[in-house]
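Thanks for making room for me this morning. I would like to walk through one chain with you, so please have a look at it before I go on.

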Amino acid sequence: MKFFIDTANIDEIKEAHSLGILAGVTTNPSLVAKEGIDFHERLREITSFVSGSVSAEVIATDAEGMIEEGKELAAIAPNITVKVPMTLEGLKAVRAFSELNIKTNVTLVFSANQALLAARAGASYVSPFLGRLDDIGQNGLDLITTISEMFIIHDIDTEIIAASIRHPQHVTESALRGAHIATVPLKVIGQLVQHPLTDAGIEKFLSDWNKANN
Ligand code: E4P
């Protein structure tokens with residue numbers, strides 16, 4: 001499983017990139033709005049150093065509008081992936097993008113049937129939202145398992161992005177259940193690194209070294 005970072009904040013993207021683990025970036029309208037920036041300008045900035053997929057979401061709700069917007073986004077850089085919401089209009093747009101060889105990430109996926117439809121419309125990626133399912137008392141991780149099994153049975157090559165990740169267990173379980181990618185906030189990447197025994201081990205090594213060398 002690869003790592004994308006889920007943010008529109010340039011410092012966070014640079015930090016994740018410097019760790020050497022970054023395979024791509026996902027943004028959404030809420031994340032972009034939080035930054036108070038020009039979206040296209042920010043995408044140019046991100047794609048100047050991130051070579052993997054950078055998801056940019058359309059705002060239009062009709063297929064025609066989505067296609068127009070998506071074409072403009074895709075023209076910014078060859079690694080832009082157009083993020084499209086899981087709706088009937090979204091499916092039409094995904095089919096059109098697929099015929100134009102523009103990559104798509106179908107977002108706001110909350111059921112296996114939605115994922116299957118998105119894949120059949122030609123989506124490059126589907127994004128099931130784990131945390132938001134957990135929030136309403138459903139098991140987000142079980143959805144990853146179901147989609148993964150379904151795609152294997154039917155030999156579907158659409159990649160599964162585990163999204164709306166809230167904690168390290170989501171990451172481990174997504175990897176075990178067959179997600180190809182987890183898109184993770186920087187805070188969670190930090191949590192993945194942490195282990196109290198690592199900290200205690202470093203402290204002990206340094207104190208032993210200092211005792212012997214002072
Ligand atoms: C994914 O592409 C979305 O941007 C994101 O993971 C949503 O996460 P949230 O539920 O924490 O807003």
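Let me begin with a question: which residues in helix 6, residues 112-121, are buried? They are Ala112, Gln114, Ala115, Ala118, Ala119 and Ala121, and I should say at once that what you are looking at is a predicted model. The buried residues of this helix pack against helix 5 (88-99) and helix 8 (140-153), and also against strand 5 (104-109) and strand 6 (125-128). Just after helix 6 comes Gly122, which takes a positive phi of about 110°.

Stepping back to the whole chain, the secondary structure comes to 11 helices and eight strands, and the C-alpha atoms fill a box of roughly 70 × 40 × 30 Å along the principal axes. Of the 214 residues, 39% are buried, and among contacts with a separation of 6 or more, 55% are between residues 24 or more positions apart.

In soluble globular proteins, nonpolar side chains tend to be buried together. Here the largest nonpolar core has 53 residues, and the members that touch the most others are Val82, Val94, Ala118, Val126, Ile161 and Ala162; Ala118 is also one of the buried residues of helix 6.

Ala162 leads us to strand 8, residues 181-184, where the bridge partner of Ala162 is Ala182. Strand 7 (residues 159-162) runs parallel to strand 8 and is joined to it by two bridges, while strand 1 (residues 2-6), also parallel to strand 8, is joined to it by four, with Phe3 bridged to Ala182. Both faces of strand 8 are covered, since Ile181 and Thr183 on one side and Ala182 and Val184 on the other are all buried. Beyond its sequence neighbours within four places, Ala162 is in contact with Ala182 and with Pro128, Leu130, Ile144, His170, Ser174 and Ala179.

Thr183 of strand 8 is also among the residues around the ligand, a set that includes Asp6, Asn28, Ser127, Arg132 and Thr107. That shell divides into two nonpolar, seven polar and two charged residues.

Thr107 brings me to my last residue, Lys83, which the unreviewed UniProt entry annotates as "active site". Lys83 lies in strand 4, residues 80-85, and it counts as buried because it has 25 C-beta neighbours inside 10 Å. Leaving aside neighbours within four places in sequence, Lys83 is in contact with Thr107 and Asn105, as well as with Ser55, Ala56, Glu57 and Val58.

Technical notes. Residues are numbered from 1 along each chain as its sequence is written. This is a predicted model: local features need pLDDT of at least 70, side-chain atom pairs count only at pLDDT 80 or more; totals for chains, interfaces and linings use all residues. UniProt positions are given in the numbering used here, feature names are shortened, and annotations may be inferred rather than shown by experiment. A residue is buried if 20 or more other C-beta atoms lie within 10 Å of its own, exposed if 12 or fewer, and partly exposed in between; C-beta atoms are placed from the backbone. Two residues are in contact if their C-beta atoms, placed from the backbone, lie within 7 Å. A nonpolar core is a set of buried Ala, Val, Leu, Ile, Met, Phe, Trp, Tyr and Cys residues joined through C-beta atoms within 7 Å. A residue is near a molecule or strand if its C-beta atom, placed from the backbone, lies within 6 Å of it. Ala, Val, Leu, Ile, Met, Phe, Trp, Tyr, Cys and Pro count as nonpolar, Asp, Glu, Lys and Arg as charged, and the others, Gly among them, as polar. Two strands pair if DSSP finds at least two bridges between them.
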